[in-house]
Amino acid sequence: MTKRPSFGAELERLEAIVRGLEDSEVDLDEALELFQEGVERLKNARTLLQETELTVKKVVKAADADLPDDDVDD
Amino acid sequence: MGGELDLFSSGPPSSSDGAWTVAQVTSRARQLIDAGFHPLWIKGEVTGFKQYRSGHWYFSLRDAEAQVRCVMWRTDNRRVSQPPEDGLQVFVEGRPTVWEERGEFRITVKRMLPTDAGGQWELQLQQAKAALERDGLLDPARRRPLPEFPTRIAIITSPDGAALHDMLTVIGRRWPAVEVLLLPTRVQGDGAERELCRALKLVNDLSADVAIVGRGGGSREDLWVFNSEKVARAVAAVEVPIISAVGHEEDVALTDLVADLRAPTPSAAAEAVVPDRGEAIRVVDMLARRLGGSLTSRTRLGRERLARTVDRLQGAMAGQIEQRTTRLAMVSARLDALSPLKVLERGFAVARNDKGEVLKSTKSFTPGSDFRLTVTDGDVRARVAGEDT
């Protein structure tokens, strides 16, 4: 099962980018590149925040008898 | 028997007439008994119950064949709802020992339960708890923190209960950007234990970030499967942080003790499992401001650099201009030196006719004709007087 993008991961990267940009040692080319990525990450994070529909999936396998009994009986 | 051998081979030295003192015997007996027994659950009938002013309880437990003296200290009997009446069948958890002053074998009772259905269950629960404790599964250090921003949440509960509805409502309100995987199981009655164990095992295959197992409130019997040792062990074996959310506030189930977090209700579990969107929006807005600000300060730095460069450029240009100016001055000095005016300064004069032509030869000068003489500070009119030749 593929996972949706993680808000946590976007946020973490965004924080790293902002820290990098706030460090004046980074040269201008790199800074512009970071900034562009930052804008992208920001957009992703905002998209996730704007989601309103909760995804619910039922894992029917749980009710199936496809696991051997000894998995649960000991 | 090893105990007897020990008693005679490694006991304290006997007194001068070769006999043990009474104190030596009872002390040695206590040591052997204490070392030989773990705490036990014992079933029996209460007889000769007496509560002393100190609050301690003294009684015997008996069955058809034997009886044993028991003491239950005040600190332990405080947890028993009421003193047992003689003839009551009970389970006691205690430790055999020897009361040295009386040379009496007795049980120090820590816990007492009635033997009715509730007592039986309680006994099972206590035994299960002790087993989990032995395996280190109740150690609070085992508890893992919940992920801050989960993307996939596994929920193990009844598909029909209010618990599921409550959880989905809370998650949907707080943080809808998640995927909920529902593992439907029965949560009471026949098959519930087995289904819960299976579902809990399955969670490990779902790449979930966090899991919730639970159900809404109910009677003690309804909730009992969450006191199953098997279910508790299955909860402990889940590889991601798991929240146990069983019933209402006052119920504490065995699964609560092994889970990473105990939530008093399914709704509370849902509150705990996802962050609050409003809070996250504030964090993102703050980062957006910092991101923008960082570029502004960077362009400010750029502007400053540019200004410095312009200054340097202007400086360089000024130098160039000065150099040119000097060269120009030199050239004009040379030009100046070559100027015919300079020749005039040296005392020469130029003669020109009225058409402005320079008169270089005597032939140009006819007697009586007019011409102009240019000297350093101007012209003078002149006339040829006569012939010199």
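**Exercise 1.** Find the residue of S12(B) that stands opposite B:Arg352, and place that residue in its strand pairing.

*Solution.* The residue opposite B:Arg352 is B:Arg372 in S12(B). The pairing behind this is that of strand S11 (residues 350-352) of chain B with strand S12 (residues 370-375) of chain B, which run in the antiparallel sense over 3 bridges; strands are DSSP runs of E with at least two residues, numbered from the N terminus, while helices are runs of H or I with at least four, and two strands pair if DSSP finds at least two bridges between them. The model is predicted, so local features need pLDDT of at least 70 and side-chain atom pairs count only at pLDDT 80 or more, whereas totals for chains, interfaces and linings use all residues. Residues are numbered from 1 along each chain as its sequence is written, and chains are lettered from A and ligands numbered from 1 in the order in which they are written.

**Exercise 2.** Follow S12(B) to strand S13 of chain B and describe how the two are joined.

*Solution.* S12(B) pairs with strand S13 (residues 378-383) of chain B in the antiparallel sense over 6 bridges, and B:Thr374 has B:Asp379 in S13(B) as its bridge partner. The two strands form a hairpin, with 2 residues between them.

**Exercise 3.** Describe how chain A meets chain B.

*Solution.* In contact, meaning C-beta atoms, placed from the backbone, within 7 Å, are 37 residues of chain A and 41 residues of chain B. On the chain A side, H2(A) gives the largest share, 9 residues. Strand S1 (55-58) of chain A is also among the contributing elements; S1(A) pairs with strand S7 (residues 179-184) of chain B in the parallel sense over 4 bridges, where A:Lys58 stands opposite B:Leu182.

Note on methods:
Contact = placed C-beta atoms within 7 Å.
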